[in-house]
Amino acid sequence: MKVAVAGCCHGALDKMYETLELLQRRHNVRPDLLLCCGDFQAVRNEADLRCMAVPAKYRHMQSFYRYYSGEKKAPVLTVFIGGNHEASNHLQELPYGGWVAPNIYYLGYAGVVRFRGVRIGGISGIFKSHDYRKGHFECPPYNQQTIRSAYHVRNIEVFKLKQLKRPIDIFMSHDWPRSIYHYGNKKQLLKMKSFFRQEVESNTLGSPAASELLQHLKPTYWFSAHLHVKFAAFMQHETNSKEELPKATKFLALDKCLPHRDFLQIIDVEHDPSAGDSLEYDAEWIAILKATNGLVNVTQNSWNMPENNGLHAKWDYSVTEEAIKEVLEELNHDLKIPCNFTLTAACYDPSKPQKNMEPIHTINPQTTEFCAQFGLTDINDRIQQAKEESSGRGECEEEEEEEMDSTGSAEEPSEYNTDNSGLSSFNPDEIMLDEEGGDEDLSTCSVDPSPDHPPEFSTSFSDIRVMPDSMAVSSDDATDSNNEELEKSGGSRQGEERSPTERSLKRIGGDENGNSGVKKIKRRNQAIYAAEDEDKTD
């Protein structure tokens, strides 16, 4: 089957779908599935805009709300992961995944699904070591810290994915796996992105957690985005035994979704011709969610996942064939994901703008149904309970912070000691998100002046590459080719600005742990964000 893969969407759904339709008209190529590698920006209204970690001037409504309201429908099944520029309050409603609009499915914090027998996995967000071992404690309305930490990868999601034993066909991450650049045309990458050089040479570019998953899962394809540059690599994995067959991963990073950018890739993927056309649950993944349910953490406590180090009674949470069989029996062998999309927020109305709309913490009926069906913890419900219990005890934020510090697993060092958030290199195209920058005002919404008349795109087939039966990437091609797809565009990894001794905003159903007594650490947020004024220089 034909699979279209897109990089950072940045809310430009119309652009993506128009390009796919043009592809069909001109070349009679119709993808069966569209994958998006983050920064999807499923923004429904002005409140959602306020939950995106970007400066106010870059908060534009774009076109997702039309798909959310039902005015439009995605012409092809679309599956996406979250990035670091998202309506985090919306995606947080679906921690285990779910429909954000008809025919548009979010994979959740981490997830695995099946389509026509093809196994597709992904992990949302970007890696930051200072939040990696925390639980999912954030909830709207966010403060200056949590609006960023909400999209940071957590170790529990990586741990769950590492329990997978069956082969993965396609995997998606927003940021690149660390070290993947050593398996492609690194010279050409540095020619186009010279400000990556120091991090590439010191091997600090990318996510160490994603790298760990790449080595463990060994998927056939791995797709990423985030750095706004196209890059291909071919990684031959080492075998663990003489009996194990050699495996290799074809890696591809996509550019951002803008006119004249190489942001779409079409690949042919082997599939099961007898399988239906519905998106399906993955039985092994559901069994892993059930097995790891007791590890769910909704506090800021830092702790490591169980491992074979003498400190844990159990560290292997991979599932047996019997456990997978039980899941199949629970579902009567019908793995089809129900089309149970539900509106959970008011949709943007261009004729009645509501710039002062406040984000609230919402429990999505899809998540409630999913958790009830499989006996899982509803993370958002747990957050609300923790909030209510904290309010009932009347404990001050300082006491809660002290309690967290005293109960964290301090005797266990983190798997990753180095934070990759502080860039020493300079990206001329970046947008700074620091405490003096425009990101400070979370109450300001910016809506396109004429949302009913989006900017015209001159769609050309420089935006599309149609690949043969297997991706045209070999070890020789990845290392030695000119890789002409690389276009000049700005990008670097995103660092974070930690808030100073700032009290948590009052939230509905959230963990109200404060930050008093925390030493102020200033970091430059070197984000990559697709802004029109940036691209005028391209």
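**Figure 1. Cysteine 347 and cysteine 8 in the predicted model.** In this predicted model, cysteine 347 has a relative accessible area of 29% and is partly exposed. Cysteine 8, by contrast, is buried, at 0% relative accessibility. A disulfide is a covalent bond between the sulfur atoms of two cysteines. The structure holds 0 disulfides. Cysteine 8 is therefore not part of one: its nearest cysteine sulfur belongs to cysteine 36 and lies 7.5 Å away, whereas the cut-off for a disulfide is a sulfur pair within 2.5 Å.

**Figure 2. Strand β1 with its partners β12 and β2.** Strand β1 covers residues 2-6, and 4 of these 5 residues are buried. Strand β12 (residues 264-268) runs antiparallel to β1 and is joined to it by 5 bridges. One of the residues of β1, lysine 2, has aspartate 268 of β12 as its bridge partner. Strand β2 (residues 33-36) runs parallel to β1, with 4 bridges between them. Here valine 3 is paired with leucine 33 of β2. In a regular strand the side chains alternate between the two faces of the sheet.

**Figure 3. The β-α-β unit formed by β1, α1 and β2.** Helix α1, made of residues 13-27, belongs to a β-α-β unit together with β1 and β2. The unit is right-handed. Its two strands are parallel and joined by 4 bridges. In an α-helix there are 3.6 residues a turn, so residues three or four places apart point the same way.

**Figure 4. Surroundings of methionine 1.** Methionine 1 sits in the segment before β1. With a relative accessible area of 10%, methionine 1 is buried, because the limit for burial is under 20%. Leaving out residues up to four places away in sequence, methionine 1 touches Asp32, Leu33, Phe115, Arg116, Val118, Ile267, Asp268, Val269 and His271. Among these residues is isoleucine 267. The C-alpha atoms of methionine 1 and isoleucine 267 are 8.2 Å apart, although 266 residues separate the two in sequence.

**Figure 5. Helix α11 and its cover.** Helix α11 spans residues 283-291, and 7 of its 9 residues are buried, so the helix is largely enclosed by the rest of the structure. The buried residues are Ala283, Glu284, Trp285, Ile286, Ala287, Ile288 and Leu289. Which elements cover them? The cover includes strands β6 (110-115), β7 (118-123) and β13 (279-281). It also includes helices α7 (155-161), α12 (321-330) and α13 (365-374).

**Figure 6. Backbone geometry at proline 141, glutamine 62 and lysine 218.** Most residues other than glycine have a negative phi, and most peptide bonds are trans. The peptide bond between proline 140 and proline 141 is cis, with omega about -5°. Proline 141 lies in the loop between α5 (129-132) and α6 (146-149). Glutamine 62 is not a glycine, yet its phi is positive, about 55°. The loop that holds glutamine 62 runs between α2 (46-49) and α3 (64-69). Is glutamine 62 buried or partly exposed? Its relative accessibility of 32% makes glutamine 62 partly exposed. Lysine 218, also not a glycine, has a positive phi of about 50°. Lysine 218 is in the loop between α10 (208-217) and β9 (221-224). In contrast to glutamine 62, which is partly exposed, lysine 218 is buried, with a relative accessible area of 13%.

**Figure 7. Model confidence and residues 396-415 and 417-538.** The mean pLDDT of the chain is 79, and 72% of its residues reach 70 or more. Over residues 396-415 the pLDDT stays under 50. For residues 396-415, the model has 38 contacts beyond four places in sequence. The pLDDT is also below 50 over residues 417-538, a stretch with 363 contacts in the model beyond near neighbours in sequence. Where pLDDT is low, the predicted coordinates should not be read in detail.

**Figure 8. The chain behind the close-ups.** The chain has 538 residues, of which 60% count as buried. Its secondary structure comes to 17 helices and 16 strands. Of the contacts between residues at least 6 apart in sequence, 83% join residues at least 24 apart. The accessible surface is about 21500 Å², and carbon and sulfur atoms account for 48% of it.

Conventions. Residues are numbered from 1 along each chain as its sequence is written. This is a predicted model: local features need pLDDT of at least 70, side-chain atom pairs count only at pLDDT 80 or more; totals for chains, interfaces and linings use all residues. Side-chain values use heavy atoms; hydrogens and water are left out. Buried means under 20% relative accessible area, exposed over 50%, partly exposed in between (1.4 Å probe, protein chains only). Two strands pair if DSSP finds at least two bridges between them. A crossover is right-handed if, with the strands pointing away from the viewer, the path from the first strand over the helix to the second runs clockwise. pLDDT is the predictor's confidence in each residue, from 0 to 100. Contact means heavy atoms within 4.5 Å. Accessible areas come from the Shrake-Rupley method with a 1.4 Å probe; for residues, only the protein chains shown count as cover.
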